[in-house]
Amino acid sequence: MPRIAIVGAGQSGLPLAFGLLAKGYEITIVTNRTPDDIRKGSILSSQCIFDPALQIERDLNINDWDDVCPPVEGIGYAVPHPEQPDTKVIDWSARLVRPAQSVDQRVKMPVWLEKVEAMGARVLVQNAGVAELETLTQEHDLVILSAGKGDVVRLFERDASRSPFDKPQRALALTQIHGLEPMPEYSRVSFNLIPGVGEYFVFPAYTLSGPCDIMVFEGVPGGPLDIWRDIRSPREHLAASKQFLDKFLPWEGARARKVELTDDKGILAGSFAPTIRKPVLTLPSGRMVFGMGDAVCVNDPITGQGSNNATKAAKVYLDAILAHGDQPYTRQWMEQTFEKFWEYAHWVVAWTNSLLTPPPPQALKLLSAANTSPSLASFLANGFNHPPAYFPAWTDMAATDHLIQEHQAA
Ligand SMILES: Cc1cc2nc3c(=O)[nH]c(=O)nc-3n(C[C@H](O)[C@H](O)[C@H](O)COP(=O)(O)OP(=O)(O)OC[C@H]3O[C@@H](n4cnc5c(N)ncnc54)[C@H](O)[C@@H]3O)c2cc1C
């Protein structure tokens with residue numbers, strides 16, 4: 001059986017490890033954090049995972065939170081009126097056909113890490129760099145680097161042809177809370193877009209202390225939501241979150257009157273440039289390392305797709321490894337495997353990037369038309385499960401009009 005090392009124990013690396021262990025592969029996991037480090041650390045993501053990616057976890061028998069994690073049952077979309085912030089020019093919502101789920105990575109990753117070890121994976125706790133990768137490539141038939149946004153992923157060359165941005169497009173912040181007023185009828189990702197200012201979305205999740213909600217703030221750089229750099233404490237972070245909502249999205253501010261942080265580590269602020277990297281790294285020795293997940297395809301969280309992409313990448317890589325048998329893992333095989341993932345992911349990246357610049361008129365037309373067409377609203381909501389479905393209507397006006405007519409007729 002081939003020996004495979006996976007560097008990075010996150011949303012892509014661990015599902016791949018489970019899939020390979022189940023087929024008898026010899027697996028080494030290298031991670032720079034122990035389960036306890038993760039449990040005691042800060043939140044890392046808002047990790048809303050839609051049903052197709054959850055199904056991959058279920059098929060691997062690793063979705064342990066279906067019974068406890070509150071479901072995300074729909075998507076709501078609102079754009080405030082530019083002159084009257086207490087009224088909305090776009091306002092619709094629709095149910096997801098099957099619910100999404102957000103389990104705090106501080107809950108999930110330690111359990112998964114302990115479980116892979118119990119299944120026979122060798123777990124090494126070290127901060128892998130070039131020297132460690134060299135050793136791993138000597139000892140294994142394939143080394144996969146799935147280290148998320150860790151510095152080591154910069155060893156992969158940026159693919160300029162697939163990366164339109166070289167700077168962060170949003171100032172990001174997460175505020176994880178208890179006490180948010182639920183939405184009527186069904187729970188949802190309540191997505192609010194404030195042109196020129198940024199975006200705010202909030203949805204139910206599950207954390208160390210049980211059910212909670214996660215607020216995600218996406219501030220246009222230099223704008224009134226680019227406020228997180230000067231914040232000095234969790235209290236200030238929570239206060240800034242509430243103040244912003246009261247001023248720009250009063251209906252969301254009203255829901256958040258009584259919220260408290262789940263814990264002092266339930267906050268995050270930062271920024272990064274969405275980047276696609278070339279998937280094969282050649283080490284000084286000439287041996288190769290194959291990238292997966294955020295390491296080679298990191299998206300802005302505005303569309304909540306990173307964990308979904310990471311899980312779907314793990315599935316593509318798992319199938320490719322199983323189909324490859326005992327043959328050597330060549331550069332050509334690695335590039336072909338990444339391209340198989342990219343056939344899907346390039347749509348996700350295109351959709352996500354389109355929302356970071358002023359959205360195309362086609363997208364605005366679709367989002368507005370959903371105001372009066374529940375069928376179109378349902379289509380747009382369920383596109384989060386499989387973003388390629390948005391195309392060509394997202395960018396081609398003839399297709400936009402056709403889709404709108406079709407749904408209006410429905
Ligand atoms: C603010 C924010 C909100 C988000 N919200 C969502 C959302 O709602 N929905 C969604 O789908 N996605 C979301 N994401 C993205 C999602 O969290 C990531 O895309 C996903 O976790 C990527 O999985 P991964 O396996 O590539 O990396 P990760 O899950 O980040 O795992 C990387 C692992 O590598 C380890 N590591 C790093 N460097 C090294 C090293 N040198 N040596 C050894 N180990 C190392 C890390 O400790 C970590 O365990 C969000 C991200 C952010 C920043």
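Is Phe-290 buried or exposed in this structure, and what is its relative accessible area? In the predicted model, Phe-290 has a relative accessible area of 0% and is therefore buried, the limit for that class being under 20%. The surroundings of this residue are described below, beginning with the sheet to which its strand belongs.

An open sheet is built from 6 strands in the order 5-2-1-6-15-14, and the pairing within this sheet is mixed. The edges are occupied by strand 5 (122-125) and strand 14 (280-282), each of which has a single partner strand, so that one side of each is left without a neighbour in the sheet. On average, and with direction ignored, neighbouring strands of this sheet are turned by 25° against each other. Towards one edge, strand 2 (residues 26-31) pairs with strand 5 in the parallel sense over 4 bridges, and Thr-28 stands opposite Arg-122 in strand 5.

Helices lie against this sheet. Helix 1 (residues 13-22) lies across strand 1 (3-7), strand 2 and strand 6 (142-145), and runs at about 165° to strand 2. Helix 9 (residues 331-354) packs on the sheet as well, where it touches strand 6, strand 14 and strand 15 (288-291), its direction making about 5° with that of strand 15.

The largest nonpolar core comprises 64 residues, of which Leu-16, Ile-27, Ile-29, Leu-133 and Ile-321 touch the most other members. Helix 9 supplies the largest share of this core, with 9 residues. For Ile-27, when residues up to four places away in sequence are not counted, the contacts are Ile-4, Ile-6, Ala-17, Leu-20, Leu-21, Ala-121 and Arg-122. A second, separate core contains 44 residues, including Val-72, Val-79, Ala-363 and Trp-394.

Aromatic contacts were examined next. Across the whole structure, a search finds 21 aromatic pairs. In one of them, the ring centres of Phe-290 and Tyr-317 lie 4.6 Å apart and the planes meet at 5°, so the pair is stacked, the cut-off for this class being an angle under 30 degrees. Distant parts of the chain are linked by this pair, since Phe-290 belongs to strand 15 and Tyr-317 to helix 8 (residues 306-324), with their positions 27 residues apart in the sense of being 27 residues apart. Tyr-317, like its partner, counts as buried, at 0% relative accessibility.

A further aromatic pair, formed by Tyr-329 and Trp-333, is edge-to-face, with 5.0 Å from centre to centre and 65° between the planes. Tyr-329 counts as buried at 9% relative accessibility, and Trp-333 is likewise buried, with a relative accessible area of 8%. Elsewhere, Phe-50, Trp-351, Phe-379, Phe-384, Tyr-390 and Trp-394 form one aromatic cluster, and Trp-394 is also among the members of the second core.

Charged side chains are also placed over aromatic rings. Lys-88 lies over the face of Trp-251, at 4.6 Å from the ring centre, while the charged end of Lys-149 sits over the ring of Phe-272, 5.1 Å from its centre.

Finally, Ser-187 is placed in the loop between strand 7 (171-178) and strand 8 (189-194). Despite this loop position, Ser-187 counts as buried, at 18% relative accessibility. With residues up to four places away in sequence not counted, Ser-187 touches Pro-71, Val-72, Glu-73, Gly-74 and Pro-204; of these contacts, Val-72 is included in the second core.

Technical notes: Residues numbered from 1 in each chain as written. Predicted model: local features only at pLDDT ≥ 70, side-chain atom pairs only at ≥ 80, totals over all residues. Heavy atoms only, no water. Pairing = 2+ DSSP bridges. Helix = DSSP H or I, 4+ residues; strand = E, 2+ residues; numbered from the N terminus. Axes fitted to C-alpha atoms, helices over the stretch in contact; angles between N-to-C directions. Contact = heavy atoms within 4.5 Å. Buried < 20%, exposed > 50% of the residue type's maximum accessible area, 1.4 Å probe, protein only. Phe/Tyr/Trp six-rings, centres within 6.5 Å; stacked < 30°, edge-to-face > 60°. Lys NZ or Arg CZ within 6 Å of the ring centre and 35° of its normal. Core = buried A, V, L, I, M, F, W, Y, C linked by side-chain atoms within 4.5 Å.
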